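Hi,

Here is the structure I said I would pass on to you. Have a look at it first, and then read my notes below.

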Amino acid sequence: MSNEVVAVAQEVSALTTEKLGEILKIAQMTKVLAINARVEAARAGKSGAGFAVVADEVKAVSQSVQTISDELAAGLAERVKVLDSVGTHIGGSRLADLALNMIDVIDRNLYERSCDVRWWATDSAVVGACTDPTRENVSHAAERLGVILDSYTVYLDLWIVDIHGNVVTNARPHQYPRAAHASVADAEWFKQAMKTEDGTQFVATDIEKNTHLDGAQVATYATAVRKAGRADGEIIGVLGIFFDWQPQARAVVQGVRLTDAERDLTRCLLVDRSGRVLASSDDRGLLTETVNFAPAKDHGYHSLVNGSMCGYALTPGYETYPGMGWYGVIVQETEAA
């Protein structure tokens, strides 16, 4: 609707400018006729005196028409500018709100992941595999993790890791054999999980490719497994869960409610705090492109150098999940851009 307002305003401006130009031409012709009539009246002497008065009146009328036309053109230009500004504001605000909705959907989704990892870390099978990693306990834990994954299809794999950073078992050993018995001692998510103070804390990482999961893009969530599953228990291992990022994020960025006319002109993005593209409605630049959209505040819009409109919103977080400092960004080209 905002684009339609701007388009109509521009059409009205163009039409009015055209018609005003025609009026000015007529006024100019009238002025010339008045001058010619005044010249002829002067030649006629006293007998043309009355005609001279008429010529002067015609000239005065043409000047009035030109003055009114000039004033109308100036006033119209100001109002069209206001309409254009209103249309831009409406359109930009809408893009910013859509961007906020987009990042909010992601936050709510990832909040659930933070709940999952803290809950599953207290599962008796997970605790048992870390407490006494016998073949029987490890096998039971792997089976239990597999059951969990059958119900939670948004994950690629779940790993139980000992306090030394060695993977004890994973939920899909046949699909991801490289994960079994891998060392993640140097992984930041493992090191941070080992530093959590109690069972209420968790670790969340930026999107990255996991080599043990065939290079898939994942959001990793981790927390410490604690003795007896108690929130204040001694750390006996770590549980890492790997959210299958790409298809879930694609569904969000491609699900933004745009009109058919907008869709080919619009790119919907999720970016990290540095502007790195985490998800894109056109599947371009994933984890390689950096978008310089220059946010001036948490939620807003502005025009880019190429004339495109950019709406953006900083992650608001959800419940106990503070967000990752990511942004939802929507860039919409004009037809002429």
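**Aromatic pairs**

Searching the whole structure, which is a predicted model, turns up 16 aromatic pairs. Let me start with Tyr155 and Phe243: their ring centres are 6.3 Å apart and the planes sit at 75 degrees, so this pair counts as edge-to-face. The two come from distant parts of the chain, with Tyr155 in strand β1 (residues 155-161) and Phe243 in strand β6 (residues 235-244), 88 residues apart. Both Tyr155 and Phe243 are buried.

Another pair to click on is Trp159 with Trp189. Here the centres are 6.2 Å apart and the planes are at 55 degrees, so the pair is tilted. This one also links distant parts of the chain: Trp159 belongs to strand β1 and Trp189 to helix α5 (residues 188-193), 30 residues apart. Are these two buried or exposed? Trp159 is buried, with a relative accessible area of 0%, and Trp189 is buried too, at 5%.

There is also a cluster to look at: Trp119, Trp120, Tyr152, Tyr155, Phe243, Trp245 and Trp326 form one aromatic cluster. You'll recognise Tyr155 and Phe243 there from the edge-to-face pair.

**The chain as a whole**

Stepping back for a moment, the protein chain has 7 helices and 11 strands. It runs to 337 residues, and 43% of them count as buried. If you take the contacts with a separation of 6 or more, 58% of them are between residues 24 or more positions apart.

**Strand β1 and its partners**

Since Tyr155 and Trp159 both sit in β1, that strand is a good next stop. How many of its residues are buried? The count is 7 of 7, so β1 is largely enclosed by the rest of the structure.

On one hand, β1 runs antiparallel to β6, and 6 bridges join the two. Within that pairing, Trp159 stands opposite Gly240 of β6. On the other hand, β1 is joined to strand β2 (residues 167-170) by 3 bridges, again antiparallel, and Val161 has Val167 as its bridge partner in β2. β1 and β2 make a hairpin with 5 residues between them, and in the turn Gly165 has a positive phi of about 95 degrees.

**Strands β9, β10 and β11**

Further along, have a look at strand β10 (residues 309-314). Of its 6 residues, 5 are buried, so β10 is largely enclosed by the rest of the structure. What does β10 pair with? One partner is strand β9 (residues 299-303), which runs antiparallel to β10 and is joined to it by 5 bridges. The other pairing to note is with strand β11 (residues 327-332), also in the antiparallel sense, over 6 bridges.

Met309 is a handy residue for finding your way around here. Ser303 stands opposite Met309 of β10, and in β11 the bridge partner of Met309 is Gln332. β9 and β10 form a hairpin with 5 residues between the strands, where Gly307 takes a positive phi near 95 degrees.

**A cavity and a pocket**

Now for the empty spaces. The search gives 1 cavity of 30 Å³ or more, and the volume of this largest cavity is about 50 Å³. Among the residues that line it are Gln217, Trp245, Arg250, Leu278 and Asp283. The elements giving two or more residues to that lining are α6 (245-253) and β8 (277-280). Which of the elements gives the largest share? That is α6, with 5 residues. Sorted by class, the lining of the cavity has 6 nonpolar, 3 polar and 2 charged residues. One name comes back here: Trp245, which lines the cavity, is also part of the aromatic cluster.

Lastly, the second largest pocket has a volume of about 200 Å³. It is lined by 16 residues, and Leu265, Arg267, Arg284, Val331 and Glu333 lie nearest its centre. Strand β7 (residues 266-271) provides the largest share of that lining, 3 residues. By class, this pocket's lining has 5 nonpolar, 5 polar and 6 charged residues.

Over to you, and happy browsing!

Note on methods: Residues are numbered from 1 along each chain as its sequence is written. This is a predicted model: local features need pLDDT of at least 70, side-chain atom pairs count only at pLDDT 80 or more; totals for chains, interfaces and linings use all residues. Side-chain values use heavy atoms; hydrogens and water are left out. On a 1 Å grid over the protein atoms alone, a cavity is a set of points where a 1.4 Å probe fits but cannot get out, and a pocket is an open set with protein on both sides within 12 Å along at least five of seven lines; lining residues have an atom within 4 Å of a point. Grid points are joined across faces, edges and corners, and a volume is the space filled by probe spheres set on the points. Helices (H or I, at least four residues) and strands (E, at least two) are DSSP runs, numbered from the N terminus. Ala, Val, Leu, Ile, Met, Phe, Trp, Tyr, Cys and Pro count as nonpolar, Asp, Glu, Lys and Arg as charged, and the others, Gly among them, as polar. Buried means under 20% relative accessible area, exposed over 50%, partly exposed in between (1.4 Å probe, protein chains only). Two strands pair if DSSP finds at least two bridges between them. Rings of Phe, Tyr and Trp (its six-membered ring) pair if their centres lie within 6.5 Å; planes under 30 degrees apart count as stacked, over 60 as edge-to-face and the rest as tilted. Contact means heavy atoms within 4.5 Å.
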